[in-house]
Amino acid sequence: MAPETPEEVARALAEADRLERKVVVFSTGHGIPPIGDTSDRILLDMSAFDKVEIDPLARTARVGGSVRWIELVSAANQHGLTAPFGSAASVGVTGYMMGGGIGFMSRHLGLGCNAIRSAELVTPDGRIRRIDAGSDPDLFWALRGGGGGFGVITELEIDLTPVPRMS
């Protein structure tokens, strides 16, 4: 399946639940684990969730669930901004952030997960939710490095920072 909206992701998760199948999410193709026989799984190709929106005044970015670091950093750099990225431009922003976000710039910019302001996700029960520290602090905490399985991320809002001067 290749959903194009959060509602289509919700329908896919409902179908997986109805058929008692596991869901495998492909967002960027980086780091895909061996999944074996896929006859009992529903594969979600999240490539349609590829938008990048930069708000230079608020120093924030909204990125879809399949955006790679090269796309975000290129867009942010046009405004003199960056984010706490890793060492490989082909890595997906969402996967990196959900894994904690430990990378090349962590000592200077902090962990990637700490830059997350909010996440739009479709929970396994098919609800589309925008999660932040105020709306659901426990789930927000878990999303930022808790190991996954909490839903399918369709969008992240993250803090950006001015590009640091290196000397």
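Good morning. I begin with N114, a residue located in the loop that runs between helix 4 (106–109) and strand 6 (116–122). Please bear in mind that the model before you is a predicted one.

Is N114 buried, exposed or partly exposed? With a relative accessible area of 49%, N114 counts as partly exposed, because the exposed class requires a value over 50%. N114 and I158 lie 44 residues apart along the chain, and their C-alpha atoms are separated by 8.7 Å.

Allow me now to introduce the chain as a whole. Its secondary structure consists of 5 helices and 9 strands. Read from the N terminus, these elements follow the order α-β-β-β-β-α-β-α-α-β-β-α-β-β. The protein chain has 167 residues, of which 40% are buried. Among contacts with a separation of 6 or more, 57% are made by residues 24 or more positions apart. The chain exposes about 9000 Å², and carbon and sulfur atoms supply 50% of that area.

I turn next to the sheet that contains strand 6. In what order do its strands lie? This open sheet is built from 5 strands in the order 3-4-8-6-7, with antiparallel pairing. Strand 3 (52–55) and strand 7 (128–132) form the edges, each pairing on one side only. On average, neighbouring strands in the sheet are turned by 15° against each other, with direction ignored.

Within the sheet, strand 6 and strand 8 (residues 152–159) run antiparallel and are joined by 6 bridges. One pair to look for is L121 with its bridge partner in strand 8, I153. Two helices pack on this sheet. Helix 1 (residues 6–19) touches strand 6, strand 7 and strand 8, and its direction makes about 50° with that of strand 6. Helix 2 touches strand 3, strand 4 and strand 8, and its direction makes about 30° with that of strand 3.

A further pairing involves strand 1 (residues 22–26) and strand 2, which are parallel and share 5 bridges. Here K22 stands opposite R41 in strand 2. Strand 2 (residues 41–45) shows two faces: I42 and L44 are on the covered one, while R41, L43 and D45 are on the uncovered one.

I close with S66, in the loop between strand 4 (60–64) and helix 2 (69–77). Why is S66 classed as buried? Its relative accessible area is 7%, and the class applies because that value falls under 20%. The side chain of S66 reaches the backbone oxygen of M46 at 3.3 Å. Thank you for your attention.

Note on methods. Residues numbered from 1 in each chain as written. Predicted model: local features only at pLDDT ≥ 70, side-chain atom pairs only at ≥ 80, totals over all residues. Heavy atoms only, no water. Buried < 20%, exposed > 50% of the residue type's maximum accessible area, 1.4 Å probe, protein only. Helix = DSSP H or I, 4+ residues; strand = E, 2+ residues; numbered from the N terminus. Pairing = 2+ DSSP bridges. Polar contact = N/O pair within 3.5 Å; in protein donor to acceptor, adjacent residues only side chain to side chain. Contact = heavy atoms within 4.5 Å. Areas by Shrake-Rupley, 256 points an atom, 1.4 Å probe, with all protein chains shown as cover. Axes fitted to C-alpha atoms, helices over the stretch in contact; angles between N-to-C directions.
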